[in-house]
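This report considers a protein chain in terms of its strands, its helix packing and selected loop residues. The sequence and the coordinates are shown first.

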Amino acid sequence: MQRHLPKRPVLDWADFVGARQASLPSIADLPHRQLTTSGRAAIYHALELANPAPGAAVLVPTYHCPTMIAPFVLLGLEPIFYAINAQGLPALELISDADARRANCLLAPHYFGITQSFAHLRQWCDATDTLLIEDCAHAFYGRAGERPVGAWGDYAITSLTKFFPILEGGLLASASRPIPALSLAPQTLKAEFKAAFDISHLATAHGRLKGLGLFVEMLRGSRGRSGLNSEEQTPAAAPPPAPAPTTSASMHDSDMARVNSAPLRSTRWLTAHLPKQQACTHRQRLFARYADALSALPGARPLHAELPANTAPYAFPLWVDDAERVYHTLRIAGVPVYRWDRRWPGTPHLTGDQGPLWSTHVLQLLCHQSLTEDEADWAIATIRRTLLNNDTPHNGR
């Protein structure tokens, strides 16, 4: 059985009800901030403000999405990959003195939106005169140990599309460094109207915004097919075997063409005005639901059996032994799940590194606020059945 569950927040009438301010701090509370079109655009502009020398080396994690690496490559910087430990933190003891001296910047993520203290990392960066970019793409809300999320980095970035029902959006912020107005090209009126339509279409395609579906479909018929990509509209088919990645292909897939565009007005309005507390609460509740249902299954284990306090997660990370089979089965069924199995070309295998293991075995089960309890129960049942019954994918046939 296939279902069409949203893989990102989609707009619904209930999103306009509730407490506008969340009880958790957020990266948007930091004193210096600028909106961008994406999290990768925010990384790009953080680097531009830091103004590293051409060809300078930067430290990036072996466990990554390619869009985390593309901004560095676009600016002509040299990525040096560092190992991560079992907590997902940089394994600083494995970074050589030579690499530490060469690099003048380090990107460190809060994986899955499960925030944790960067105190030791902050001390290391201060001692080595290394700029710290705190990657909060998964962690818009929360406290990271002793500080609010985003406050450890010289700069912090986030991806707003993971937390709000918008088509594009990122944020560059800092607790300590002023951020001047970025020179961003305004988007056309056509692009603004298209974004507003596509937000509505994505919502009604997933059964949200009840009462608008017929009107949206009439508009869609009058203007041609929507620009929504197939992944947002239908469950994924089993992919063909992936060719060996190349830098040019990875750059193309990362879509860096819009880093100098201004954010859409729909992004500005919805992120400013939508209530936030219920989104945090729902994400926490979904994480707990996953943990209760998936903590004692053969061939799988949660990376985090309990959600740390003061956290609003992006995903529930599930280690799966037979991840290749399980992942593709779940994708075909329409379960909202991702796996970071596309590593940047040249990413090394380092002794003591969890990165390659996570890239292979960790599935990210999404916890966004647009998943209903019924949808979450169906996703959980599908995951359990796949793990218990040793199902195999059949390309939808």
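Which residue of β5 stands opposite leucine 107? The partner is isoleucine 133. The model discussed here is predicted, and the description begins with the strands around this pair.

## Strands β4 and β5

Leucine 107 and isoleucine 133 face each other within a pairing of β4 (residues 103-109) and β5 that is parallel and comprises five bridges. Strand β5 covers residues 131-135, and five of its five residues are buried, so the strand is largely enclosed by the rest of the structure. Cover is present on both faces of β5: Leu131, Ile133 and Asp135 are buried on one side, and Leu132 and Glu134 are buried on the other. Isoleucine 133, the residue opposite leucine 107, thus shares its side of β5 with Leu131 and Asp135.

## Strand β9 and its partners

Strand β9 (residues 170-174) is likewise mostly covered, with five of its five residues buried. On one side the buried residues are Gly170, Leu172 and Ser174, and on the other they are Leu171 and Ala173.

Two antiparallel pairings involve this strand. Strand β1 (residues 32-36) is joined to β9 by five bridges, and threonine 36 stands opposite glycine 170. Strand β8 (residues 155-159) pairs with β9 over four bridges, and here alanine 156 is set against alanine 173. Glycine 170 and alanine 173, the two β9 residues named in these pairs, are on opposite sides of the strand, and both are buried.

## The four-stranded sheet and histidine 304

Four strands form an open sheet in the order β10-β11-β13-β12, with antiparallel pairing. Its edge strands are β10 (300-302) and β12 (337-338), each of which pairs on one side only. Within the sheet, β11 (residues 315-320) and β13 (residues 362-366) are connected by five bridges. In this pairing phenylalanine 316 lies opposite leucine 365 of β13.

The loop between β10 and β11 contains histidine 304. Leaving aside residues up to four places away in sequence, histidine 304 touches Ile114, Phe287, Phe316 and Pro317. Phe316, one of these contacts, is the residue that stands opposite leucine 365. The contact with Ile114 joins positions 190 residues apart along the chain, and the C-alpha atoms of histidine 304 and isoleucine 114 are separated by 8.8 Å.

## Helix packing

Two packed helices are described by the angle between their axes and the distance between the axes. Two helix pairs are set out below.

| Helix pair | Axis distance | Axis angle |
|---|---|---|
| α2 (residues 66-74) and α8 (residues 247-254) | 9 Å | about 110° |
| α5 (residues 189-205) and α9 (residues 265-273) | within 9 Å | roughly 50° |

With the class of roughly perpendicular running from 65 to 115 degrees, α2 and α8 are therefore roughly perpendicular to each other. In their contact, Pro66, Thr67, Ala70, Val73 and Leu74 of α2 meet Thr247, Met251 and Ser254 of α8. By class, these residues comprise five nonpolar, three polar and no charged.

For the other pair, the axes of α5 and α9 cross at roughly 50°, which makes α5 oblique to α9. Glu192, Ala195 and Ile199 in α5 are in contact with Arg265, Ser266 and Leu270 in α9. This contact has three nonpolar, one polar and two charged residues.

The buried residues of α9 are Ser266, Thr267, Leu270 and Thr271. Viewed down the helix axis, they fall within an arc of 115°, so they line one face of α9. Helix α5 is included in what covers them, and Ser266 and Leu270 also take part in the contact with α5.

## Two residues with positive phi

Most residues other than glycine have a negative phi. Aspartate 255 has a phi near 50°, a positive value, and lies in the loop between α8 and α9. Because its relative accessibility is 39%, aspartate 255 counts as partly exposed.

Asparagine 310 also has a positive phi, of about 60°, although it is not a glycine. This residue is placed in the loop between β10 and β11, the loop in which histidine 304 is found. At 39% relative accessibility, asparagine 310 counts as partly exposed.

Terms used. Residues numbered from 1 in each chain as written. Predicted model: local features only at pLDDT ≥ 70, side-chain atom pairs only at ≥ 80, totals over all residues. Heavy atoms only, no water. Axes fitted to C-alpha atoms, helices over the stretch in contact; angles between N-to-C directions. Parallel < 35°, antiparallel > 145°, perpendicular 65-115°, else oblique. Contact = heavy atoms within 4.5 Å. Nonpolar A, V, L, I, M, F, W, Y, C, P; charged D, E, K, R; others polar. Pairing = 2+ DSSP bridges. Buried < 20%, exposed > 50% of the residue type's maximum accessible area, 1.4 Å probe, protein only. Arc of directions from axis to C-beta.
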